[in-house]
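Hi,

Here is the structure I promised to pass on to you. Have a look at it first, and then read my notes underneath.

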Amino acid sequence: MLLLAIPVAITIVGVEPALAIGVGAGLIVLCVVAIAGLGRGWGYALGWVVQALTIASGFVVVQMFILGGIFALLYYMALR
């Protein structure tokens, strides 16, 4: 989902490509780090931070409010 938000931000919203790629790649790296931290316990909290940042990216790409909310709900359901 995050990878697909990069071209949307560039082509539809008009975000500078370097900024869109940097923020998108940063969120993707945070997702991978959160996955690695699940075995140690701190990955769950980082996962929520990534969910919040993804939803906050909706201030730039409005569709991310919906997609981020859906994936936050899925994350919550997976942890239950």
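Helices α1 (2–13) and α4 each give at least two residues to a nonpolar patch, where helices are DSSP runs (H or I, at least four residues; strands are E, at least two) numbered from the N terminus. The largest share of that patch, six residues, comes from α4. Its members are Met1, Ile12, Val13, Phe59, Val60, Val62, Phe65, Ile66, Leu67, Ile70, Phe71 and Leu74, and together they have about 1100 Å² of accessible area on the surface. A patch takes residues with over 30% relative accessible area and no salt bridge, joining nonpolar side chains (Val, Leu, Ile, Met, Phe, Trp, Tyr) within 5 Å and like charges within 9 Å. A salt bridge would be a side-chain nitrogen of Lys or Arg within 4 Å of a carboxyl oxygen of Asp or Glu. The areas come from the Shrake-Rupley method with a 1.4 Å probe, and for residues only the protein chains shown count as cover.

Before you go further: this is a predicted model, in which local features need pLDDT of at least 70 and side-chain atom pairs count only at pLDDT 80 or more, while totals for chains, interfaces and linings use all residues. Residues are numbered from 1 along each chain as its sequence is written, and side-chain values use heavy atoms, with hydrogens and water left out.

One patch member to click on is Leu67, in helix α4. Leu67 is partly exposed because its relative accessible area is 35% (buried is under 20%, exposed is over 50%, partly exposed is in between; 1.4 Å probe, protein chains only).

Next, the aromatic rings. How many aromatic pairs does a search of the whole structure find? There are two. Rings of Phe, Tyr and Trp (its six-membered ring) pair if their centres lie within 6.5 Å; planes under 30 degrees apart are stacked, over 60 edge-to-face, and the rest tilted.

Trp48 and Tyr75 make an edge-to-face pair, 4.9 Å centre to centre with 80° between the planes. Trp48 sits in helix α3 (residues 42–56) and Tyr75 in helix α4 (residues 63–79), so this pair ties together parts 27 residues apart in sequence. Trp48 is partly exposed at 35% relative accessibility, whereas Tyr75 is buried at 17%.

Phe59 and Phe65 form an edge-to-face pair too, at 5.1 Å centre to centre and 85° between the planes. Here Phe59 is exposed, with 69% relative accessibility, and Phe65 is partly exposed, with 36%.

Now try Thr54 in helix α3. Is Thr54 buried or exposed? With 2% relative accessibility, Thr54 counts as buried. Its side chain reaches the backbone oxygen of Val50 at 2.8 Å. Leaving aside neighbours within four places in sequence, Thr54 is in contact (heavy atoms within 4.5 Å) with Met1, Leu2, Leu27, Met64 and Gly68.

Gln51 is in helix α3 as well, and is buried at 14%. Not counting residues up to four places away in sequence, Gln51 touches Gly68, Phe71, Ala72 and Tyr75.

Last stop: Gly58, in the loop between α3 and α4. Gly58 is buried, at 1% relative accessibility. With residues up to four places away in sequence left out, Gly58 touches Met64 and Phe65. Gly58 and Gly68 are 10 residues apart along the chain, and their C-alpha atoms are separated by 7.9 Å.

Cheers

How values were computed: A polar contact is a pair of N or O atoms within 3.5 Å; within protein, one must be able to donate a hydrogen and the other to accept it, and residues adjacent in sequence count only if both atoms are side-chain atoms.
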